[in-house]
Amino acid sequence: MKRVTGLGGFFFKTKDPDGIKKWYKERLGIPTDQYGWTFWWKDKDGNDCSTQWSPMTDKTTYFEPSNKQFMMNFRVDNLVELLKVLKEEGVTIVGEIEEYEYGKFGWILDPEGNKLELWEPIDAAFK
């Protein structure tokens, strides 16, 4: 079974998300929007894929129970099966699977307490 297939996103805390998005837009040319930046790429089979870069307020509770300043999101092929395997391997699962029109999400903790988001994407939903 495939596990991680790519980077789905990088989320980080900041005191001024709008100011940071503006800085990255002005200084690095990143075309930011209210969520940050969704950039598109093709996988090795030529499929359209997206990765999200998002500054979030330093008050967000979205990364809990981790107290880190960032959270990575990894793309996966089969979230339900992967979470079953990870649980059997002793990995801490956080919360329940959530489903949206753009994919399924689940969360785990790594050995250092970093919350990792696992995403089974539906990239076509973004277009």
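In the predicted model, the accessible surface of the chain amounts to about 7900 Å², and carbon and sulfur atoms contribute 53% of that area. Among the 127 residues of the chain, 35% are classed as buried. The chain carries 18 positive and 22 negative charges, and the mean positions of these two sets lie 4 Å apart.

The secondary structure of the chain comprises 2 helices and 7 strands. Read from the N terminus, these elements follow the order β-α-β-β-β-α-β-β-β. The radius of gyration is 15 Å, close to the value of 14 Å that the globule rule gives for 127 residues, and the chain is therefore as compact as a globular protein of that length. The C-alpha trace extends over about 45 × 35 × 20 Å along its principal axes. Contacts between residues distant in sequence were also examined. Of the contacts in the chain with a separation of 6 or more, 58% involve residues 24 or more positions apart.

Helix α1 was considered in further detail. This helix covers residues 17–28 and contains 12 residues. At 1.5 Å a residue, a helix of 12 residues should span 16 Å, and the end C-alpha atoms of α1 are indeed 16 Å apart, so the expected and computed spans agree. An α-helix has 3.6 residues a turn, and residues three or four places apart therefore point the same way. Just after α1, Gly-29 adopts a positive phi of about 75°.

Note on methods. Residues are numbered from 1 along each chain as its sequence is written. This is a predicted model: local features need pLDDT of at least 70, side-chain atom pairs count only at pLDDT 80 or more; totals for chains, interfaces and linings use all residues. Side-chain values use heavy atoms; hydrogens and water are left out. Helices (H or I, at least four residues) and strands (E, at least two) are DSSP runs, numbered from the N terminus. The radius of gyration is taken over C-alpha atoms; the globule rule is 2.2 Å times the number of residues to the power 0.38. Buried means under 20% relative accessible area, exposed over 50%, partly exposed in between (1.4 Å probe, protein chains only). Contact means heavy atoms within 4.5 Å. Accessible areas come from the Shrake-Rupley method with a 1.4 Å probe; for residues, only the protein chains shown count as cover. Lys and Arg count as positive and Asp and Glu as negative; His and the chain ends are not counted. The place of a charge is taken as NZ of Lys, CZ of Arg, CG of Asp or CD of Glu. The expected span of a helix is 1.5 Å times one less than its number of residues.
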